[in-house]
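I opened this model to look up a few helices and side chains. My notes follow in the order I made them.

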Amino acid sequence: EPRAREDAQCNVDALRTRLRGALDAGDAERCRQTLLDAFAEGSIASLADALVAPTFHEIGDRWDCGELEGYQERRSCEICSRALQELWRRLPEPPPNAPLAIGGSPAGDHYSLPGQLIELVLRQGGWKSMNMGSNLPLASLAAAAVTHRPKLLWLSVSHIEDEAQFLADYGKFYAELPPSVAVVLGGRALNDRLRPKLRYSGFCDN
């Protein structure tokens, strides 16, 4: 067991090194193949948590420290996004009676990869999932919920420009949702200080 765990961790570390190198070089094909190799060995959720998230946290830190140019960070996001679209095409269609989940990120939050990953995780789990995108006003996301009547609505919040405005917008948003919709929140911007001020059905730390 310990040896198996050690081998698995070595494989994850190797994949992470490959992905980081591919993104640094702007090598879209190597990024694509790395994600496909990771997908062949596990779930979308494990790929997201063990590979994509830590790689982009590192990219963000290097950008903040001036080790990467802004275009390199943006290019990495675009390359990874295209590779994730291929994973979507490889997942089976959900059954006709599958429950619907929709979601997105609020206005001011331009991080697109979390929504893509959530959409993929739900689809692999048998849901009909519909990512409405990033930088989306909460009033518009509420309108989508009224129109489509999902069983689950996710909100990924990686960045908040104005906390007071976000809380006001979120309160209106939540009040407009159909009562049958379960709201699941996540994202690094929803810290322990902000979270108790929100109403929701569930919160995800990863």
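Before the first entry I wrote down the cut-offs for angles: under 35 degrees counts as roughly parallel, over 145 as roughly antiparallel, 65 to 115 as roughly perpendicular, and the rest as oblique. I also noted that this is a predicted model.

**Entry 1: α2 and α3**

I looked up how helix α2 (residues 28–41) lies against α3, and found that their axes come within 9 Å and cross at roughly 130°. That angle falls in none of the named ranges, so α2 and α3 are oblique to each other. I recorded the crossing of α2 past α3 as right-handed. Which residues make the contact? On the α2 side I listed L35, A38 and F39, and on the α3 side I listed I44, L47, L51 and V52. I then sorted the residues of this contact by type and got seven nonpolar, no polar and no charged.

**Entry 2: R62**

I went next to R62, which sits in helix α3 (residues 44–64). Is R62 buried or exposed? I read a relative accessible area of 17%, and the cut-off for buried is under 20%, so R62 counts as buried. I checked the R62 side chain for partners and found a polar contact with the side chain of D24, at 3.2 Å. Setting aside neighbours within four places in sequence, I listed R20, D24, E67 and L68 as the residues in contact with R62.

**Entry 3: C80**

I located C80 in helix α4 (residues 70–90). Its relative accessible area came out at 0%, so I entered C80 as buried. What does C80 touch, not counting residues up to four places away in sequence? I wrote down C31, L35, V52, F56 and L113. Of these, L35 and V52 were already in my notes, since L35 of α2 and V52 of α3 take part in the contact of those helices. I also looked up C80 against P95: they are 15 residues apart in sequence, and their C-alpha atoms are 28 Å apart in space.

**Entry 4: L120**

I found L120 in helix α5 (residues 113–124). With a relative accessible area of 2%, L120 is buried. Leaving out neighbours within four places in sequence, I noted contacts of L120 with I44, L84, L87, W88 and L91. I44 is one of the α3 residues I had listed in the contact with α2. Last, I looked up L120 and S43, which are 77 residues apart along the chain, and found their C-alpha atoms separated by 9.8 Å.

Definitions and conventions:
Residues numbered from 1 in each chain as written. Predicted model: local features only at pLDDT ≥ 70, side-chain atom pairs only at ≥ 80, totals over all residues. Heavy atoms only, no water. Helix = DSSP H or I, 4+ residues; strand = E, 2+ residues; numbered from the N terminus. Buried < 20%, exposed > 50% of the residue type's maximum accessible area, 1.4 Å probe, protein only. Polar contact = N/O pair within 3.5 Å; in protein donor to acceptor, adjacent residues only side chain to side chain. Contact = heavy atoms within 4.5 Å. Axes fitted to C-alpha atoms, helices over the stretch in contact; angles between N-to-C directions. Left-handed = near helix turned anticlockwise from the far one by under 90°. Nonpolar A, V, L, I, M, F, W, Y, C, P; charged D, E, K, R; others polar.
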